[in-house]
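Here are my notes on this one, as promised. Have the viewer open while you go through them.

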Amino acid sequence: MKRGICVFLCLLLCCAAMPGFAAPSRDMAEMDVTVDDGLEALLEITARAYLGPRWAAVLDGRLPDPESDSALAWRPWNAVAFVLAMDGEDEMTLEDAKSLIAEIFTDPPRTEAGDPGELLTLKDGRITLNRENLESEFTLLVYPYSATFDGDEAHVKADLYCTPAEDTGRAEDMPEDMVIWLMHMEYDLAYSPQTHFGYTVNECSVSPAYRDGDLTAWYLAENTEYEYSLNIPSSFGLAEEDAMNRAWQTADGSATLTVRIREGGMSLEEAKNAFVKAHPESEIDVQGNDFFYLFEEGCFTLVVASENANWTYTLTMTFPKERQAEYELYAEFIRNSFVVWGLSNG
């Protein structure tokens with residue numbers, strides 16, 4: 001029997017993870033504004049309009065080009081289409097459609113009565129939704145985790161995810177096997193309380209598709225000699241088998257994950273002082289009873305230290321800086337899965 005079971009596989013962190021139950025999600029960061037139903041709807045409409053009707057290609061690692069001429073021309077019409085779909089409506093007048101576009105975009109794109117794309121048909125001054133061209137297997141959703149506000153504009157950071165169309169819900173309420181994390185999206189919004197959604201969209205951007213957004217494909221790695229376990233993203237393979245310095249790496253070598261062991265336990269304060277002395281330019285982000293961690297550009301570090309442990313653990317993950325948001329998400333999942341056998345989370 002694994003020694004982790006003998007000590008109840010207690011997590012080293014403050015909150016126990018529950019794999020297989022609720023889907024894990026990123027912790028909320030700074031939230032200067034409330035993401036109410038209106039703002040949440042605007043974020044979802046914008047994400048769907050930005051990626052277009054073929055957004056599900058991201059599940060195969062492909063990202064539709066959101067800056068192509070056709071994507072730019074069809075974006076406002078896509079927004080209209082997704083509003084109709086969300087409201088359970090099938091058509092509206094062209095003038096109402098233009099008014100709706102002005103409620104969504106701060107500087108509404110030009111909307112001449114031309115080709116509105118594959119989601120809509122324009123005829124005799126009326127817009128009709130082509131429901132058969134909507135994605136039917138999955139629903140694209142938004143998980144906002146940071147929203148800063150300067151009095152005039154809000155900057156929102158979010159993870160995009162999808163669920164099966166027949167089982168749509170908030171990520172934190174869904175089973176893990178019903179959620180796939182897709183990509184990172186950032187929004188610049190103008191505060192506009194007189195409009196329907198309370199904000200209008202200045203601009204937005206998306207990251208490359210996430211490599212390891214399907215958490216059901218992650219795997220459990222255990223080190224029985226040094227008594228720890230953790231979940232590893234599926235794109236990482238074992239690169240160094242040395243039990244004291246175990247390492248995993250992506251096939252292209254762009255990201256690595258290492259767990260290094262120091263003989264002997266030490267207090268968390270001693271470990272923190274030693275780390276700060278070796279890395280004076282680094283600032284610790286979060287500290288718990290027996291761990292601390294920090295995010296830096298292209299790097300995540302977690303240190304676990306306790307006088308009640310036989311060893312001190314340092315987990316380091318490096319990754320491309322252009323994928324910072326993506327790997328910060330993975331880092332949260334990894335740290336919540338990291339179990340040191342014999343350490344209590346109480």
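Which strands does helix α4 lie across, and at about what angle does it run to β1?

1. To take that one straight away: α4, residues 94–104, lies across β1, β2 and β3, and runs at about 90° to β1. Keep in mind throughout that this is a predicted model.

2. Now the sheet under that helix. Its 3 strands are arranged in the order β1-β3-β2, as an open sheet with antiparallel pairing. At the edges sit β1 (91–93) and β2 (120–123), each of which pairs on one side only. If you ignore direction, neighbouring strands here are turned by 20° against each other on average.

3. A closer look at one pair: β3 covers residues 126–129, and 4 bridges link it to β2 in the antiparallel sense. Within this part, Lys123 stands opposite Arg126 of β3. Helix α3 (residues 69–87) packs on the sheet too, where it touches β1, β2 and β3; the direction of α3 makes about 65° with that of β3.

4. Next, α2, which spans residues 37–51. From first C-alpha to last, this 15-residue helix reaches 21 Å, close to the 21 Å expected at 1.5 Å a residue. At its N-terminal end, Asp36 acts as the cap, with a side-chain oxygen 3.2 Å from the backbone nitrogen of Gly38. After the helix comes Gly52, with a positive phi near 80°.

5. Is α2 largely enclosed or open? Largely enclosed by the rest of the structure, because 13 of its 15 residues are buried. Buried here means under 20% relative accessible area.

6. That leads to the largest nonpolar core, which has 50 residues; those touching the most other members are Val80, Ile104, Ile127, Leu160, Tyr187 and Leu189. At least two residues each are supplied by α2, α3, α4, β3, β4 (138–149), β5 (153–164), β6 (180–191) and β7 (199–206). The largest share comes from α2, with 9 residues.

7. Leu189 deserves a click. Leaving aside neighbours within four places in sequence, its contacts include Leu39, Leu42 and Leu43. Also among them are Asp152, Glu153, Ala154 and Val156, along with Tyr199, Thr200, Val201 and Asn202. Apart from the core discussed above lies another, of 44 residues, including Leu257, Ile261, Met317 and Ala331.

Note on methods. Residues numbered from 1 in each chain as written. Predicted model: local features only at pLDDT ≥ 70, side-chain atom pairs only at ≥ 80, totals over all residues. Heavy atoms only, no water. Helix = DSSP H or I, 4+ residues; strand = E, 2+ residues; numbered from the N terminus. Expected span 1.5 Å × (residues − 1). Buried < 20%, exposed > 50% of the residue type's maximum accessible area, 1.4 Å probe, protein only. Polar contact = N/O pair within 3.5 Å; in protein donor to acceptor, adjacent residues only side chain to side chain. Pairing = 2+ DSSP bridges. Axes fitted to C-alpha atoms, helices over the stretch in contact; angles between N-to-C directions. Contact = heavy atoms within 4.5 Å. Core = buried A, V, L, I, M, F, W, Y, C linked by side-chain atoms within 4.5 Å.
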